[in-house]
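Got your viewer open? Load the chain, switch to cartoon view, and follow along one selection at a time.

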Amino acid sequence: MVTESDTLERRGLAKGLRIWLDILLGILSLAAVAIVVVWPLVSVAGHEVYDLSIPVNVAEEAVINPGAYPGLSVDKAMGELKYAPDGLTPRLLYWAFSVAVFGVLFYGLFLLRRILTTTATGFPFHPRNPVRLNRLGWLIVSTSLATSVIQFLAGRWALSEPELAGLPFSPIVKLDQGWIFVGLLILVLAAIWQEAVRMAEEQSLTV
């Protein structure tokens, strides 16, 4: 049996989590301003402040002479190529990708905040909460898959550049299994929450 104190405790937890989420949104807003506004200004001034991290396969017994490729480094022997491209087009694409990433983060945190808000006000079984949670799950899964595809395409493009021609690398699709698992888990929780909402509505009609 759920007592009044239990309900108040859950509301207090939801309010506390919402406060932390608001702090995170504030920090994310500052980071977004730095990336979306400050970074283009610094980049136009000619200062390189980013590298493309590209997952690659490294050919067996490959030997790379660092002096032959200034600014090029390879981490984790089997595969992460860090490459700083020149030109305005890759910078614009990188900026657009950063804007999209921040947009996804803000939308995901917005959905989570709406869930915590309805819970803090005493309506955890609000009909919109399972829908929001379901959207959050699909957002995480689709973003993880899209990021993997974009990394693969960026790898193909980078390795086709003349200055990287002849390197014993080939682009690969690197799935982020951790985030995909989190997204699928959230989808399962959304389905369970939807059933809980249905049961709560039926119970309210029978009382």
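Start by selecting Ser-53 and Lys-82: Lys-82, in β3, is the bridge partner of Ser-53. Keep in mind as you click around that this is a predicted model.

Now widen the selection to the strands around that pair. Pick residues 80-83 for strand β3, and you'll see that it runs antiparallel to β1, with four bridges joining the two. Strand β1 itself covers residues 52-58. Is β1 enclosed or open to the outside? Five of its seven residues are buried, so β1 is largely enclosed by the rest of the structure.

Next, look for another partner of β1. Strand β4 is joined to β1 by three bridges, and this pair is antiparallel as well. To find β4, select residues 169-171. Click on Val-56 and look across: Pro-171 in β4 stands opposite.

Stay on Pro-171 for a moment. How does its accessibility class come out? Pro-171 has a relative accessibility of 22%, so it counts as partly exposed; the cut-off for buried is under 20%. Show its surroundings, leaving out residues up to four places away in sequence, and you'll find that Pro-171 touches Pro-55 and Val-56, along with Phe-152, Gly-155, Arg-156 and Leu-159. For a distance to check in the viewer, draw a line from the C-alpha of Pro-171 to that of Ala-154: they are 17 residues apart along the chain and separated by 8.5 Å.

Now for the inside. Show side chains for Leu-52, Ile-54, Val-56, Val-58, Leu-81, Tyr-83, Ala-158, Leu-159, Leu-164, Leu-167 and Phe-169: these eleven residues form the largest nonpolar core. Colour them by element of origin, and β1, β3 and α3 (128-159) each turn out to supply at least two. Which element gives the most to this core? That's β1, with four residues.

Finally, zoom out to the whole chain. Colour by secondary structure and count four helices and four strands. Walking from the N terminus, the order is α-β-β-β-α-α-β-α. Of the 207 residues, 27% count as buried. Switch on the surface and you're looking at about 13300 Å² of exposed area, with 68% of it supplied by carbon and sulfur atoms. As for contacts with a separation of 6 or more, 79% are between residues 24 or more positions apart.

Methods
Residues numbered from 1 in each chain as written. Predicted model: local features only at pLDDT ≥ 70, side-chain atom pairs only at ≥ 80, totals over all residues. Heavy atoms only, no water. Buried < 20%, exposed > 50% of the residue type's maximum accessible area, 1.4 Å probe, protein only. Contact = heavy atoms within 4.5 Å. Areas by Shrake-Rupley, 256 points an atom, 1.4 Å probe, with all protein chains shown as cover. Pairing = 2+ DSSP bridges. Core = buried A, V, L, I, M, F, W, Y, C linked by side-chain atoms within 4.5 Å.
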